Amino acid sequence: MPRTFEEECDFLERITPTKFRIKKGFVPNMNVEGRFYVNKALETLMFDELKQSSLTPGNTGFLPAVRQIANVAALPGIIGHSIGLPDVHSGYGFSIGNIAAFDVNDKNSVISPGGVGFDINCGVRLIRTNLTEKDVRPVKEELAQSLFDHIPVGVGSRGVIPMGANDLIECLEMGMDWTLREGYSWAEDKEHCEEYGRMLQADASKVSTRAKKRGLPQLGTLGAGNHYAEVQVVDEIFDKHAAAKMGIDEIGQVVVMLHCGSRGLGHQVATDALVEMEKAMARDGIVINDRQLACARIQSNEGQDYLKAMAAAANFAWVNRSCMTFCVRQAFSRVFNMSADDLDLAVIYDVSHNVAKMEEHLIDGRPRQLCVHRKGATRAFPAHHPLIPVDYQLTGQPVLIGGSMGTCSYVLTGTEKGMVETFGTTCHGAGRALSRAKSRRNISFQEVLGDLEKKGISIRVASPKLVTEEAPESYKNVTDVVDTCHEAGISRKAVKLRPIAVIKG
């Protein structure tokens, strides 16, 4: 017998002003409790989604985020809590904005492609400049067009980087070491990238021929959907010391943000793995609450094959963002008639928000090797952590939070509290409030483009009708999301950015 909304709410308990727990029993077989972070406005969205689901039990769409967080808590080998961040919203299997960690030494522990997502290593890169808004304003339209001309965008776009089949295999295994060798990256780019732009366990032989075929023409392309390149201006500095370490010195400084991932290659890697994992679950007797959470034991052949293929797709995404960085540098050089070096077009940082990684964390005061799934969630390691660059050892890892189109973005830093509560993780963006279909029904693309024009934001799009899916109204308020993480102490605000030019697929 389905429970009423009121009965479901009995399993949800506020434990701090920004944090709720999901008690065991909310869904069957929970091994740990769930947690989710919200403020008042975001709490309303979460509970409304749950209520709507209770009123329409036959709905065939994704489960509400609260239930998905709880279903993840029922996966074998999970440790700590299944955690939802303030930007959490329904996704395939895992919510987008869901973190889960699994004890590698527990033979029952699993890895799930639904906990990584189809766009493996979708992530954000931030590039600084020594330009100010005053320098850019007179040539803003020309710069937007130059970026649009240099970066291939849209569904089916093809990359401009010369690539053969052997080059692709090297990209999959070498990551940014390939772009460094070929002259598309600067040496310091790699230093300012999560995992230094290369996951060493990558094995191109575990990536299917179909996935390689999909990826080959797409290297160095932005794609469509919520991916973008934005020219942004520093609007507010909350932490001057952290900002200075990033090379952000003044209000009005111009930066460039890139948001994209592994394109069709990563999607195919996830699709291929889900097929194999359904077979592995039947063989090993793994029981899950939702078949979208298809998984395999971490130490099984299927689990290891997925880890190696996922790492290769992650490397492809870093190469993709690096090739686009090369294009950005060319576009700026053409408009300003100066070298990229003279314009100080240096990478501040590059973060992933769709990946599973082996990391060491303290559990009950003892170090444990965990497989941490971050889906729509950003690693946010604190100061003095050995895996962040020397430049950021005293401030904590930069965390790049992209807003919805035309709204502000943020740079945060990692905290010690985040290491304890969320496995060194924080939010990744605004998080959807409306489905793509609802956005298309409710919002006109002419309105969206008109609103951007009123704000003085130049825009170049390959498909204007896709813009409706990415309208600010389709998303949660990114400031609500970031403020919740800041108040909860799992990351700290450093810089606020506002867009002046947007490039989209």
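Buried means under 20% relative accessible area, exposed over 50%, and partly exposed in between. C9 has a relative accessible area of 22%, so this cysteine counts as partly exposed. The model on screen is predicted, and C9 is the opening stop of the tour.

**Cysteines**

Select the cysteine sulfurs next. The structure holds zero disulfides. C427 is in no disulfide, and the nearest cysteine sulfur, that of C485, is 3.6 Å away. A disulfide here requires sulfur atoms within 2.5 Å, so the sulfurs of C427 and C485 at 3.6 Å do not make one. C427 is buried, with a relative accessible area of 0%.

**Annotated binding sites**

Now select D119, C122 and H227. An unreviewed UniProt entry annotates these three as "binding site". They are spread over 109 residues of sequence but cluster in space, with a largest C-alpha distance of 10.9 Å.

Add H259 and H353 to the selection. The unreviewed UniProt entry also gives the feature "binding site" for C122, H259 and H353. This set is spread over 232 residues of sequence, yet its largest C-alpha distance is 10.4 Å. C122 appears in both annotations.

Centre the view on C122, in the loop between β6 (110-111) and β7 (123-132). Its relative accessibility is 6%, so C122 counts as buried. Leaving aside neighbours within four places in sequence, C122 is in contact with H227, H259, C260, G261, R321, S352, H353 and N354. Three of the annotated histidines, H227, H259 and H353, are thus among the residues to display around C122.

Move to H259, which sits in strand β9 (residues 253-260). H259 is buried at 7% relative accessibility. Beyond four places in sequence, its contacts include C122, H227 and H353, along with G123, V124, L222, N226 and Y228.

Then pick H227, in the loop between α9 and β8 (228-237). H227 is also buried, with a relative accessible area of 7%. Not counting residues up to four places away in sequence, H227 touches D119, C122, L222, H259, C260, G261, I503 and K504.

**Helix α6**

Select residues 165-174, which form helix α6. Which residues of this helix are buried? They are L168, C171, L172 and M174. To see what they pack against, show α7 (176-182), α9 (209-215), α11 (263-284) and α12 (301-336). G175 follows α6 and has a positive phi, near 55 degrees.

**Strand β16**

Go to T413 in strand β16 (residues 409-414). T413 is buried, with a relative accessible area of 0%. Display its surroundings: not counting residues up to four places away in sequence, T413 touches A242, M246, T395, G396, Q397, V399, S491, R492 and A494.

**The second largest pocket**

Finish at the second largest pocket, which has a volume of about 500 Å³. To find its centre, select H361, L362, M419, V420 and F423, the closest to it of the 25 lining residues. Which elements each supply at least two residues of the lining? Colour β3 (34-37), β4 (78-89), β12 (354-363), β13 (366-375) and α13 (416-422). β12 gives the most, with six residues. Coloured by residue type, the lining divides into 12 nonpolar, seven polar and six charged residues.

Conventions
Residues are numbered from 1 along each chain as its sequence is written. This is a predicted model: local features need pLDDT of at least 70, side-chain atom pairs count only at pLDDT 80 or more; totals for chains, interfaces and linings use all residues. Side-chain values use heavy atoms; hydrogens and water are left out. On a 1 Å grid over the protein atoms alone, a cavity is a set of points where a 1.4 Å probe fits but cannot get out, and a pocket is an open set with protein on both sides within 12 Å along at least five of seven lines; lining residues have an atom within 4 Å of a point. Grid points are joined across faces, edges and corners, and a volume is the space filled by probe spheres set on the points. Helices (H or I, at least four residues) and strands (E, at least two) are DSSP runs, numbered from the N terminus. Ala, Val, Leu, Ile, Met, Phe, Trp, Tyr, Cys and Pro count as nonpolar, Asp, Glu, Lys and Arg as charged, and the others, Gly among them, as polar. Buried means under 20% relative accessible area, exposed over 50%, partly exposed in between (1.4 Å probe, protein chains only). UniProt positions are given in the numbering used here, feature names are shortened, and annotations may be inferred rather than shown by experiment. Contact means heavy atoms within 4.5 Å.
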